[in-house]
Amino acid sequence: MHWGRTFRSCIPRHPALALALLAALLLDSPRSASAQSETEPLVPRDPRTLTLRVPPLQSVNEEELLRVTVQVEGAHGPTRVFADGLPPGALWDEPSRTLTFQPDFIQGGWRHEVSFTATDGHATAQARMTIAVRDTVRPPEPRILQREELPGALRLTLEQPTDAWLDSPGYAGRTFPAVVTVPLAATAGYPMPVAVRLHGVGNWPPAPQVVTNQFLIEPSDPNLTYWWGYSESLPKGPVLEGAVPPYTARRVLALLEWVLRSYPGADPERVFVEGDSMGGAGALTLGLLDARHFAGVFARHAQPVARAHRPWRLAQLSSLWGMPEEEVADANGLGVWSRLDMTRALRDEPGARSQFLILEHGKDDPIIHFGAVVHPSTLTGASFYEVLQAQHLGHIAVWDEGGHVEPDPWLGSRWWDRGWNPRTDPRTFLRRDQAFPAFSHSSWDGHPGTGGNGRQPWRNDSGYAGDPKVPGDTGWDGDVAGMLNRSLRWDATALVDTTRRFVLPLRAVLGPGVTDTPVVDVTPRRVQRFRCLPGEHIRWSFGTARGTVTAASDGSVTVPRLHLGADWLPLVLERERG
């Protein structure tokens, strides 16, 4: 019954009944003024509730940009909005509440469920969005030419045909060789890591290896493009007439996609890229510029700044890319020589800053001399080592008096990694979908030096390198052999990464007779949920030490001067407000 309509209809016909009804309403109504004054205060009520407005489904083509802005309604005060389950390569900008995602050509055919949570300190709202990536770029798949059964593994010899996406139009249709080794024990229930191994100059074809604990992908770069690409005008036109797309890098990623789709036992969260010399430069390039696909990078004797190659290598690469001063644009409009300056990548690209690097160089290397990591880039004004430390990025770096292929005359080959590897360690390990601590400015760091010590003259092609077979004759100053962050560990099995709290145990490995413990800055990287706003205040504790730090402009949080001991101790980060 609608009382208003009943009351109005009674007035002209039955005045007495109308008055009785009016009295009943005034006396019995629970919302009368007298009833309110006795049972509850007169407080205005806001009928709004906290609500997230998110489109349920967004579809996007490969290589196209998707931009979605989330709307919040009914908030009472400052409101945080967190995003979880982002596709690899997607970015969430909380200040503008905007998700951006440009899937590359090997991300098509997948659907990603992204969860959003909004909280204003009083109420919480949640919403979901599905991102569907259409498979719109389809280069030709590799063809298996030979299958070779090895103990516990299957070695596949492949040929990789090209089209105008994997090759310049004038070259499209040719084939490149590749080798993939499949561990027979890998299954969807027991996945294994994937190693993408990039060869150096003159190191193809690879020698057969029995690999049973990981997938091994070995592509080829016979044209010595340093695993990047070449002008789209080749072979007929001048280099300056076209852009320089990353054709070679695309072929590597296409092989990776084929392995991940063909073998459910290949773990996409544990893909590593590695290489030596030209392969090391390629590992840095792919690992930093295509960081969304890799959990870590292992680069030996790598030149991280393309402009700093020795003169004859610059001449060879200029035939593919144009001269450094000409700065022919790549496929995205940036000059290719600037694109391939990894100090710029670490400075400018969020994906690169989320990567973990393991580096090895030799002070008596005459081919990729030690200036590769200690001399400043002419573009950024900082050396590779300096950028790693200043930007608080994840890295382990080692150097010794070895040459390009010769081991250190005193320490031997790979003296620094015996017994530990973050790919295989059961406690300190790397995954693409899991945070790790970036250590910087450790009191245990060696001193790599920056120039000469007077023992050798400067040479444009070999720097201050001495004879790698003669101990102590290097012309580079600083420690003859040393390490950055090599003895620092984290317990990835005990990681807590939520929107409100981040916990990660840390410790240092103390060798025999070592009594002093390191003091080091720690920056969580590749954080999945504990993302911070620029300028946000974060409480931290580490044993009895505690304090507050302010998030940097990119949202990263660095806790300075932690004293690590031999025992595990959790670093705890918490927000000052919900």
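This report walks through a predicted model of a single chain, from its overall build to a few helices, a pocket, a cavity and one loop residue.

**The whole chain**

Let's start with confidence. The chain's mean pLDDT is 91, and 91% of its residues reach 70 or more. The stretch to be wary of is residues 1–47, where pLDDT stays under 50 and the model has 20 contacts beyond four places in sequence. Where pLDDT is low, the predicted coordinates should not be read in detail.

As for the build, there are eleven helices and 28 strands. Of the 578 residues, 54% count as buried. Run a box along the principal axes and the C-alpha atoms fill roughly 115 × 60 × 50 Å. If you take contacts between residues at least 6 apart in sequence, 69% of them join residues at least 24 apart.

**Three helices**

Two of the helices, α4 and α5, go side by side in a table.

| Helix | Residues | Length | First to last C-alpha | Expected span |
|---|---|---|---|---|
| α4 | 247–262 | 16 residues | 22 Å | 22 Å |
| α5 | 278–289 | twelve residues | 16 Å | 16 Å |

How much of α4 is covered? Most of it: 13 of its 16 residues are buried. With α5, twelve of the twelve residues are buried, so this helix is largely enclosed by the rest of the structure. The buried set in α5 includes Gly-279, Gly-280, Gly-282 and Gly-287, along with Leu-284, Leu-286, Leu-288 and Leu-289.

Then there's α6, residues 311–321. Its buried residues are Arg-313, Leu-314, Gln-316, Leu-317, Ser-318, Leu-320 and Trp-321, and they pack against α7 (336–339). Right after α6 comes Gly-322, with a positive phi near 90°.

**A cavity that meets α5 and α6**

How many cavities of 30 Å³ or more does the structure hold? Just one, with about 80 Å³ of space in it. Its lining includes Ala-281 and Thr-285, both of them buried residues of α5. Trp-321 is in the lining too, and that one is among the buried residues of α6. Others around the cavity include Thr-225, Tyr-226, Trp-228, His-309 and Leu-340, plus the run Gln-303, Pro-304, Val-305 and Ala-306. By type, the lining divides into eight nonpolar residues, four polar and no charged.

**The second largest pocket**

On to an open site: the second largest pocket holds about 1100 Å³ of space. Its lining takes in 50 residues, and nearest the centre lie Arg-197, Glu-274, Gly-275, Phe-298 and Arg-423. Which elements each supply at least two residues of that lining? Among them are the strands β13 (192–198), β15 (266–276), β16 (296–300) and β17 (356–362), as well as α6. Unlike the cavity, with no charged residues in its lining, this pocket has 14 charged ones, next to 24 nonpolar and twelve polar.

**Ala-172 and its loop**

Last stop is Ala-172, in the loop between β11 (153–161) and β12 (175–183). Is Ala-172 buried or exposed? Somewhere in between: its relative accessible area is 35%, so it counts as partly exposed, the class between under 20% for buried and over 50% for exposed. Leaving out residues up to four places away in sequence, Ala-172 touches Thr-162, Asp-163, Ala-164 and Asp-167. Pro-161 sits eleven residues from Ala-172 in sequence, and their C-alpha atoms are 8.3 Å apart.

Conventions: Residues numbered from 1 in each chain as written. Predicted model: local features only at pLDDT ≥ 70, side-chain atom pairs only at ≥ 80, totals over all residues. Heavy atoms only, no water. pLDDT = per-residue confidence, 0-100. Contact = heavy atoms within 4.5 Å. Helix = DSSP H or I, 4+ residues; strand = E, 2+ residues; numbered from the N terminus. Expected span 1.5 Å × (residues − 1). Buried < 20%, exposed > 50% of the residue type's maximum accessible area, 1.4 Å probe, protein only. 1 Å grid on protein atoms, 1.4 Å probe; cavity = no way out; pocket = protein on both sides within 12 Å on 5 of 7 lines; lining within 4 Å. Points joined across faces, edges and corners; volume = space filled by probe spheres on them. Nonpolar A, V, L, I, M, F, W, Y, C, P; charged D, E, K, R; others polar.
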